Amino acid sequence: TIDAAGDKAVIPTVTFADIGGQEIAKRELMEALDFLKDEEKVKDLGIRPLKGILLSGPPGTGKTLMAKAAASYTDSVFLAASGSEFIQMYAGVGAQRVRQLFARARRLAQKTGKQKAIIFLDELDVLGGKRGKHTSHLEYDQTLNQLLVEMDGIKATDGTKVLVIGATNRVDLLDDALLRPGRFDRRVQVDLPEKDGRLKILQIHTRNKPLAATVNLETIAEETFGFSGAHLESLVNEAAILAFRQGKKEIGNAELQEAIDKVILGEKLERKPRR
Ligand code: ATP
C-alpha cells in the first residue's frame, strides 16, 4: 500500500516458518527480538534498548527473509534500503537520505499505529566501511555519521521505536564504530545451509508445486552441497520450467537433475570476483 506522502508501508507476510534451516540464526534473532516484544520487562531490568542487529553471511542465504520475518514477528512496519543507495557524488546527499529514511520509518510506525519499525540495510559495508580507508571521502563519512546519529537517537520523542537490521557478506570491512555497544551489538551469522537445511528449503519451495512420486528431495539435498537458499529456489523454479517445456504435469527427477547442473553451470559462468 502507498499512502498520500508516497510512503510504501510494507508489513511483510514472511514468517520464520518460511525460512528453511538456519535454526541457530533464527533462534538467536528471535531471542534478540523478544527484547523488543517484552518491553516492560526490559525496562524494569534496566536493559539497554536494542538498536541494531547485524546479519552476516554469504549472498542468498536468507538475510532479507530474516529481516522481513523479524518485522512480522514483532508486528513492525518494514523498510528496506541498500547501502549503495546512499553513496552520492554530492556532499550531504547521502546523509540526507539516511535522515529521510529514518523519518519515514517513524512516520509509518505512527500512521499504522504499530509504533515500531524495522529498517533493513542491505550491503551495510558499502555505507559503513572502515573510515580510515576513505579519509579523503568526506561525503562517505557524513553518511556513516548520520547513520550513527540516527541509531543513537532512536529513542524518539514521539514514542516510536526503530530497529535497524543490517546485512553484509563482509563483516571485516565494517567500521568499528558500527559494532560498538548500542549500535549493531547483536550479530547473527547466516551461513550456507547444511544438508538438513537444504532439505527444508527444498520442501518450502516445492510446497505448491506438483512433484512426481518418484522424487526424493533428500537425494536432491545431498547433491546440492554449497548451494544457498537462493540457488535452491532457482533450482526448483528451473525444474518446473523444464517440465513445462516438455509438456509434463509433474516435476520429475530428470528435470531436477538437469536443473542442478544448470544452477552449477550458471554460477560458473556468472562467477565474478567478490568485493
Ligand atoms: P543477499 O546477501 O544477496 O542480499 P540474502 O541473504 O538477503 O541475499 P535473500 O534475499 O533472503 O538472501 O534470499 C533470496 C531468495 O532465496 C529468497 O527470496 C528465497 O526465495 C530464497 N531463500 C534464501 N534462503 C532461504 C531459506 N533459508 N529458506 C527459504 N528460502 C530461502
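**Entry 1: the ligand and its polar partners**

I began with His205: an N or O atom in the His205 side chain lies 2.9 Å from a nitrogen atom of the ligand. I noted at once that the model is predicted, and that every distance here is computed from it.

I then asked how much of the ligand the protein covers. On its own the ligand has 630 Å² of accessible area, and the protein covers 79% of that.

I looked next at the oxygen atoms of the ligand. One oxygen atom is 3.1 Å from an N or O atom in the side chain of Asp122. For Gly60 I recorded a backbone contact: a backbone N or O atom of Gly60 is 2.8 Å from an oxygen atom of the ligand.

**Entry 2: the shell around the ligand**

I listed 17 residues around the ligand. Those that come nearest are Gly20, Gly60, Lys63, Thr64 and His205.

Which elements give two or more residues to this shell? I found helix H3 (63–74), helix H8 (195–206) and helix H10 (229–245).

I also sorted the shell by class, and counted eight polar, five nonpolar and four charged residues.

**Entry 3: the chain as a whole**

I turned to the protein chain, which has 275 residues. I found eleven helices and five strands in the chain.

What share of the residues is buried? I recorded 44%. For the accessible surface of the chain I noted about 14400 Å², with 52% of this belonging to carbon and sulfur atoms.

I then considered contacts between residues at least 6 apart in sequence; 77% of them join residues at least 24 apart.

**Entry 4: two residues with a positive phi**

I checked the backbone angles last. Most residues other than glycine have a negative phi. I therefore set down two residues that depart from this general pattern.

Gln115 is not a glycine, yet its phi is positive, at about 65°. I placed Gln115 in the loop between helix H4 (93–111) and strand S3 (116–122). Is Gln115 buried or partly exposed? I noted a relative accessible area of 34%, so Gln115 is partly exposed.

Glu123 is likewise not a glycine and has a positive phi, of about 50°. I located Glu123 in the loop between S3 and helix H5 (124–127). The relative accessibility of Glu123 is 24%. Buried would require a value under 20%, so I entered Glu123 as partly exposed.

Conventions
Residues are numbered from 1 along each chain as its sequence is written. This is a predicted model: local features need pLDDT of at least 70, side-chain atom pairs count only at pLDDT 80 or more; totals for chains, interfaces and linings use all residues. Side-chain values use heavy atoms; hydrogens and water are left out. A residue is near a molecule or strand if one of its heavy atoms lies within 4 Å of it. A polar contact is a pair of N or O atoms within 3.5 Å; within protein, one must be able to donate a hydrogen and the other to accept it, and residues adjacent in sequence count only if both atoms are side-chain atoms. Accessible areas come from the Shrake-Rupley method with a 1.4 Å probe; for residues, only the protein chains shown count as cover. Helices (H or I, at least four residues) and strands (E, at least two) are DSSP runs, numbered from the N terminus. Ala, Val, Leu, Ile, Met, Phe, Trp, Tyr, Cys and Pro count as nonpolar, Asp, Glu, Lys and Arg as charged, and the others, Gly among them, as polar. Buried means under 20% relative accessible area, exposed over 50%, partly exposed in between (1.4 Å probe, protein chains only). Contact means heavy atoms within 4.5 Å.
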